[in-house]
Amino acid sequence: MSGKISFASDYAEGAHPAIIANLERTNFLKTAGYGTDEFSESARRKIRAACAAPDAEIYFLVGGTQTNAVVIGAMLKSYEGVIAADSGHVSLHEAGAIELGGHKVLTLPNRAGKITAEDVAAFADNFHADGNRDHMVAPGMVYISQPTEYGTLYTLDELKALRGVCTNKNLRLYVDGARLAYGLAASDNDVTLADLAELSDAFYIGGTKCGAYFGETVVLRKGLIPHFFTIIKQRGALLAKGRILGVQFDTLFTDDLYLKIGRRAIEAASRIRAELKALGYELFLDAPTNQIFVVLNDAQLAALAERVEFSFWEKLSADRTVIRLATSWATADADVDKLLDELRRLR
């Protein structure tokens, strides 16, 4: 514990009190393993209902990188790679997990963290027009995240356009939802869980960053990946005490808790973002979710680091740095007040 105000990440806290209470309440019950317990089944029913996808296959995994590696590895053929933004999580911050599984990440330039349907189509067309394509990695799927690494959101029209290109070019569409609760809660958002279930081939609902101790829920089109349960086991990703994941997601999808806790983070982030603008700080991107990217000079950076924990993002110039401030489902009003006091002091 540093004693500083922490806005470094959105998974620094433990779990929502309702999850803790339900884990304690069910602790001594004896259940079947590997996600075949009654709590996991209840969670699956609730998630299918929330996604308006009664035939969807639902699987629970432990973490985001693990989920991406397992899903992407299972969806792609040995000679295929995955198209992603050059800023995408699988491109930068998963330590080569996708490549370790034998699949190349095929990067496209990001536009505020996003890739466009037009760029995906051009990439696929250029590959198929290349006389040396049999010596190259073929595009097999498209990876996006909602929200993106920059906290931006794909609109419903953008998602539909990507779906259309994927259908036309025989590519699968996979959506990383590590911070999905915060995307769903953002005022600018027009994409629902039902839209994701309809338009993607697979996506996951993030728990680790969104109120759970750990865990992600994979939502697959029925029959998309035969024997996916066995593949999860092969990859060492099958939790024997699967009930721990089931209880957590059953709780998150009871009484709209997943959406409610997302709104808490958005409210805190909106307060911070509004004050930054009022104080004349430069925002690197004006994203609508729980991640706030602000530009500081060296003096401001050093002074803020003495009192606040934040994430380094990138250097803009010799004396200007982009940092990230992240709120979460558990961000306290008092901590927001303290942060705003510090930001005012630096002006």
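This report walks through a helix, the cysteines, one buried phenylalanine and a cavity in a predicted model.

## Helix α7

A good place to begin is helix α7, which covers residues 156-168 and so numbers 13 residues by the run that defines it. From its first C-alpha to its last, α7 reaches 18 Å, close to the 18 Å expected at 1.5 Å a residue.

Which residues of α7 are buried? They are Leu156, Leu159, Leu162, Arg163, Val165 and Cys166. If you look at what surrounds them, you will find that these buried residues pack against two helices, α6 (117-129) and α9 (193-199), and against two strands, β5 (138-145) and β6 (172-176). Just after α7 comes Asn170, which takes a positive phi of about 60°.

## The cysteines

How many disulfides does the structure hold? The count is zero. Cys166, met above as one of the buried residues of α7, is in no disulfide, and the nearest cysteine sulfur belongs to Cys51, 19 Å away. That separation rules out a disulfide for Cys166 because the two sulfur atoms of such a pair must lie within 2.5 Å. Cys166 has a relative accessible area of 1%, so it counts as buried.

Cys210 is also in no disulfide; here the nearest cysteine sulfur is again that of Cys51, 14 Å away. With a relative accessible area of 0%, Cys210 is buried.

## Phe293 and its surroundings

Next, turn to strand β10, which spans residues 291-297 and includes Phe293. Is Phe293 buried or exposed? Its relative accessible area is 0%, so Phe293 is buried.

Phe293 and Leu283 are ten residues apart in sequence, yet their C-alpha atoms are 5.8 Å apart in space. Leu283 is one of the residues in contact with Phe293 once neighbours within four places in sequence are left aside. Glu282, Phe284 and Leu285 are on that list too. So are Glu149, Tyr150 and Gly151, along with Trp313, Val322, Ile323 and Arg324.

## The cavity

Finally, there is some enclosed space to look for: the model has one cavity of 30 Å³ or more. The largest cavity holds about 50 Å³ of space.

Which residues line the largest cavity? They are Ala85, Gly88, Gly113, Tyr143, Ile144, Ser145, Thr148, Glu149 and Tyr154. Strand β5 gives the most to this lining, with three residues. By type, the lining divides into four nonpolar, four polar and one charged. Glu149 appears in this lining and is also in contact with Phe293.

Notes
Residues numbered from 1 in each chain as written. Predicted model: local features only at pLDDT ≥ 70, side-chain atom pairs only at ≥ 80, totals over all residues. Heavy atoms only, no water. Helix = DSSP H or I, 4+ residues; strand = E, 2+ residues; numbered from the N terminus. Expected span 1.5 Å × (residues − 1). Buried < 20%, exposed > 50% of the residue type's maximum accessible area, 1.4 Å probe, protein only. Contact = heavy atoms within 4.5 Å. 1 Å grid on protein atoms, 1.4 Å probe; cavity = no way out; pocket = protein on both sides within 12 Å on 5 of 7 lines; lining within 4 Å. Points joined across faces, edges and corners; volume = space filled by probe spheres on them. Nonpolar A, V, L, I, M, F, W, Y, C, P; charged D, E, K, R; others polar.
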